[in-house]
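Me: I'm new to protein structures, and I'd like to learn how to read one. Could you take me through some features, step by step?

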Amino acid sequence: SFYTFQLIGYLFDRKPEPSSITLKESILFTVFFPQLIAGPIERADELIRKLKASFDDFKFDRINVKHGFSLLSIGLFLKTFLSDVLIIFIGDSLYKTGFLGALTTIFCNGSVIYFDFLGYSLIALGIGLIFNVRLTLNFDRPYAALDFQEFWRRWHITLTRWFKDYVYKPIAARFNYSQFGVLISTIIVFSLTAKWHGF
């Protein structure tokens with residue numbers, strides 16, 4: 001789905017004017033793999049500019065490679081060890097009754113989702129850095145948020161931006177950003193987001 005979102009964004013961004021992006025750049029944008037499974041969802045112009053800067057005069061940058069492998073290693077640890085181990089506790093706690101079982105399930109479930117997504121985000125950033133490409137930050141300590149709005153902005157940054165730019169704004173603009181238009185846009189965005197998450 002992230003791959004689909006990215007290509008839909010690419011088509012929308014290219015629609016208003018004739019494309020200045022070459023076939024080679026378009027293919028490179030389409031097949032650049034680190035972020036395709038779980039984001040970040042990159043904008044075509046931004047990612048192609050970064051890819052061109054990296055691949056036109058490609059050379060391994062020792063600092064980027066070192067930092068990239070560090071992020072990759074931390075991400076793999078978070079996904080493989082923390083997230084996967086906590087899944088075992090969720091399975092066990094589901095069969096426990098009472099307050100402790102419910103509390104364990106809630107804590108482990110939240111931690112599994114957190115470490116899984118944080119881990120993947122770090123893996124994507126790390127692989128990107130190894131290729132001298134700085135991908136967009138997609139996850140910024142959401143559990144440190146002080147309210148729901150801030151949490152939403154920090155959790156999946158590029159997915160939120162995608163829905164805002166390609167769903168919310170076009171619909172709200174049709175109603176001249178009236179109160180009704182904003183309400184309808186918000187309901188549609190939240191409904192699509194919930195559907196995408198499997199609710």
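What follows is a short tour of salt bridges, a pocket, a surface patch and some backbone angles.

Reply: Gladly! Keep in mind that this is a predicted model.

Me: Let's begin with charges. How many salt bridges are there?

Reply: The general idea is that side chains of opposite charge can pair when their charged atoms come close. In this model the count comes to 7 salt bridges. One pair is Lys-52 and Glu-25, whose side chains meet with 3.2 Å from N to O.

Me: Which parts does the pair of Lys-52 and Glu-25 tie together?

Reply: Lys-52 sits in helix α3 (residues 44-55) and Glu-25 in helix α2, so this pair links parts that are 27 residues apart in sequence. Now look at the cover around each partner. Lys-52 is partly exposed, with a relative accessible area of 36%, while Glu-25 is buried at 14%.

Me: What about Arg-154 and Glu-150: how far apart are they in helix α6?

Reply: They are 4 residues apart in helix α6 (residues 148-155), which means about one helical turn separates Arg-154 from Glu-150. Their side chains form a salt bridge of 2.9 Å, N to O. Both Arg-154 and Glu-150 are buried.

Me: And where do Lys-169 and Asp-165 lie?

Reply: Those two lie in helix α7 (residues 157-174), 4 residues apart, so about one helical turn separates Lys-169 and Asp-165 as well. Their salt bridge spans 3.7 Å from N to O. Asp-165 counts as buried because its relative accessibility is 19%, and the cut-off for buried is under 20%. Lys-169, at 36%, counts as partly exposed. Through shared partners, salt bridges join Arg-43, Asp-165 and Lys-169 into one network.

Me: Next, the pockets. What is the volume of the largest pocket?

Reply: The largest pocket has a volume of about 850 Å³. A good way to read a pocket is to ask who lines it. Here 29 residues do, and those closest to the centre of the pocket are Trp-152, His-156, Thr-160, Phe-190 and Thr-193. The elements giving two or more residues to this lining are α5 (98-130), α6, α7 and α8 (179-196).

Me: How many residues of that lining are nonpolar, polar or charged?

Reply: The lining divides into 18 nonpolar, 6 polar and 5 charged residues.

Me: Now the surface. Which residues form a nonpolar patch there?

Reply: Find Leu-23, Ile-27 and Val-31: together they form a nonpolar patch on the surface, with about 310 Å² of accessible area. Val-31 belongs to helix α2 (residues 23-31).

Me: How far apart are Trp-196 and Ser-1 in sequence and in space?

Reply: This is a nice pair for comparing two kinds of distance. Trp-196 and Ser-1 are 195 residues apart in sequence, yet their C-alpha atoms are 8.7 Å apart in space. Trp-196 is in helix α8 and is partly exposed, with a relative accessible area of 27%.

Me: Last topic: backbone angles. What is phi of Arg-141 near?

Reply: As a general idea, most residues other than glycine have a negative phi. Arg-141 has a positive one, near 45°, and lies in the loop between α5 and α6.

Me: Where is Tyr-177 placed?

Reply: Tyr-177 is in the loop between α7 and α8. Its phi is positive too, at about 55°, although Tyr-177 is not a glycine. With 48% relative accessibility, Tyr-177 counts as partly exposed.

Conventions:
Residues are numbered from 1 along each chain as its sequence is written. This is a predicted model: local features need pLDDT of at least 70, side-chain atom pairs count only at pLDDT 80 or more; totals for chains, interfaces and linings use all residues. Side-chain values use heavy atoms; hydrogens and water are left out. Patches are made of residues with over 30% relative accessible area and no salt bridge: like charges are joined within 9 Å, nonpolar side chains (Val, Leu, Ile, Met, Phe, Trp, Tyr) within 5 Å. Accessible areas come from the Shrake-Rupley method with a 1.4 Å probe; for residues, only the protein chains shown count as cover. A salt bridge is a side-chain nitrogen of Lys or Arg within 4 Å of a carboxyl oxygen of Asp or Glu. Buried means under 20% relative accessible area, exposed over 50%, partly exposed in between (1.4 Å probe, protein chains only). On a 1 Å grid over the protein atoms alone, a cavity is a set of points where a 1.4 Å probe fits but cannot get out, and a pocket is an open set with protein on both sides within 12 Å along at least five of seven lines; lining residues have an atom within 4 Å of a point. Grid points are joined across faces, edges and corners, and a volume is the space filled by probe spheres set on the points. Ala, Val, Leu, Ile, Met, Phe, Trp, Tyr, Cys and Pro count as nonpolar, Asp, Glu, Lys and Arg as charged, and the others, Gly among them, as polar.
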